[in-house]
Amino acid sequence: MSQQPEQKTQPKEQVISLYQGSKRIHPKLAKGRFANWRILVVLATQLVFYGIPWLMWGDRQAVWFDIPGRHFYIFGLTLVPGDLIYLTGILLLSAFGLFWWTTIAGRLWCGYACPQTVYTEIMLWIDHLVEGDRNKRLKLDKEPWNARKIRIKLTKYLLIFLVAAWTGITFAGWFVPIRELTADIFSLNFAAISGGTLFAAAFYGFMTWLMGHIMREQVCLHMCPYARFQSAMFDHDTLIISYDTARGEPRGARKKNVSREETELGDCINCTMCVQVCPTGIDIRDGLQYQCIGCAACIDACDEIMDKMNYPRGLIRYTTEGALAKEYPENKIPSRLLRPRVVGYGAVLALVAAGLIVSLFFRQTVRVDVIKDRGVMVRQNKEGWLENAYNLRIINASEDVKILTAEVEGLEDIKMSGLPADGLRLEGGQTVTVPVQVAVIPEYAEKGSNPIRFTFRYTDAQNPEDSSTISEKSTFIGE
């Protein structure tokens, strides 16, 4: 009898996906002291964002970034393109402020005031208002589409659309007069609104909907670079949200009011409430994770459970890795925050802030650039004097009318013409270019380049005693 060859079993074909779609996170609404602080911060930031464009300063919008007019109005301060140096100061303040704050308190900015967190929180409020708490939302998502589900979803999307639309309109209102913009929108006078304004409002409103409602925690998990480089600024003394493993483990369920000694378990009853309230869907009990935004929702949830079990609060709390490792007591945390890195960042931050404030205080409100006319190097006028042509580019960075006078020195018998005898009147926010001529008797001007100096004096039209001077160097070409 011949033996049949052994047949090998072919492995079943498997399809391995390199991309795993994210599941919608429906966090439970946390209640407690930190949730109340988060609500206050959300309301405060949105009061600033939505409210400031409506404030008036005289006859104009108090804060108005007039890009076409190349003027930025911030209450009584007017900035022009020549003031871009102050943008450098603001960027330095932001950078060192971020380093300083992160070294002290970790990601408190992310958990309370970051625009992504703020608008995600607002969208979650709408979810909770219309669809109910976490369990109801999960149940609604599993239901088949029917009249009730369509009504609830349409109501939610309408509220989200209104929030996103008003956010986009407000954003555009920082760059154009918001009172005129809203009047044109509500009267459907879209022809009076520029295409750039409409695009800015629509784009920002769309991004509010996309980031706050659709992507939500995905921005924090996969798009935000802050979570990735924060580890370079963390150390054992940085304030973080952490689960006290020594106190909580081993975890396990038990009846209410049962002591730890009776069960030989830790204080964690494994209720997973800390996971259910987390907006990024992590389990804080797994240790420090870059996905944690420091919102403290897990602290509120855990404290509520501890109260019900008659256990002390603080199983999950704001602490430091050093305190958890018993390197120093919990009550020493405030003093540990004053360490060299924090002091160094704080000192640089204070210096940059002081420099920015001082430079703003002493800035010239009128700027003059003396530009040599290269088309006419030197010529002889009707009087037989040598003459050079210049262009004065004058910027009045204030909102007050200024009177500008000028004189030139550096050569004997030098004189200037082109400006009115009683001074040049500059309206508030005006930028002008004025051609002037400087003439010298030929015997007093050496061949080639001769250094000269322009001195400009400007006074307030309403208060002549308020005056300042500007000095600018230039050259006079002789022959």
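**Exercise 1. Determine how Phe75 is placed and which contacts its ring makes.**

Phe75 is partly exposed, since its relative accessible area is 31%; buried stands for under 20%, exposed for over 50%, and partly exposed for values in between (1.4 Å probe, protein chains only). The model is predicted, so local features need pLDDT of at least 70 and side-chain atom pairs count only at pLDDT 80 or more, while totals for chains, interfaces and linings use all residues. Residues are numbered from 1 along each chain as its sequence is written, and side-chain values use heavy atoms, with hydrogens and water left out.

Step 1. Locate the residue. Phe75 belongs to the loop between β4 (71-74) and β5 (77-79). Helices (H or I, at least four residues) and strands (E, at least two) are DSSP runs, numbered from the N terminus.

Step 2. Identify the surface group. Together with Leu55, Trp57 and Ile74, Phe75 forms a nonpolar surface patch of about 340 Å² accessible area. Patch members have over 30% relative accessible area and no salt bridge; like charges are joined within 9 Å, and nonpolar side chains (Val, Leu, Ile, Met, Phe, Trp, Tyr) within 5 Å. A salt bridge places a side-chain nitrogen of Lys or Arg within 4 Å of a carboxyl oxygen of Asp or Glu.

**Exercise 2. Find how many aromatic pairs the structure holds, and classify two of them.**

Step 1. There are 20 aromatic pairs. Rings of Phe, Tyr and Trp (its six-membered ring) pair if their centres lie within 6.5 Å; planes under 30 degrees apart are stacked, over 60 edge-to-face, and the rest tilted.

Step 2. For Phe34 and Tyr318, the ring centres are 5.2 Å apart and the planes stand at 70°, so this pair is edge-to-face. Because Phe34 is in helix α1 (residues 33-51) and Tyr318 in strand β7 (residues 316-319), the pair ties together parts 284 residues apart in sequence. Both Phe34 and Tyr318 are buried.

Step 3. For Trp57 and Phe75, a centre separation of 5.9 Å and planes at 80° make the pair edge-to-face. Trp57 lies in strand β1 (residues 56-57) and Phe75 in the loop between β4 and β5, so the parts tied together are 18 residues apart in sequence. Trp57 is partly exposed, at a relative accessible area of 42%.

**Exercise 3. State which charged ends sit over the rings of Trp145 and Tyr390.**

Step 1. The criterion requires NZ of Lys or CZ of Arg within 6 Å of the ring centre and within 35 degrees of the ring normal.

Step 2. Over Trp145 sits the charged end of Lys149, 4.5 Å from the ring centre. Over Tyr390 sits that of Lys372, at 5.1 Å from the centre.

**Exercise 4. Describe the backbone at Pro250, Asn310 and Asp413.**

Step 1. Recall the background: most residues other than glycine have a negative phi, and most peptide bonds are trans.

Step 2. The bond from Glu249 to Pro250 is cis, with omega near -5°. Pro250 is in the loop between α11 (245-248) and α12 (260-263).

Step 3. Asn310 has a positive phi, near 60°. Its position is the loop between α14 (297-309) and β7, where Asn310 is exposed at 58% relative accessible area.

Step 4. Asp413 also has a positive phi, near 55°. Asp413 lies in the loop between β11 (402-409) and β12 (415-417) and is partly exposed, at 41% relative accessibility.

How values were computed
Areas by Shrake-Rupley, 256 points an atom, 1.4 Å probe, with all protein chains shown as cover.
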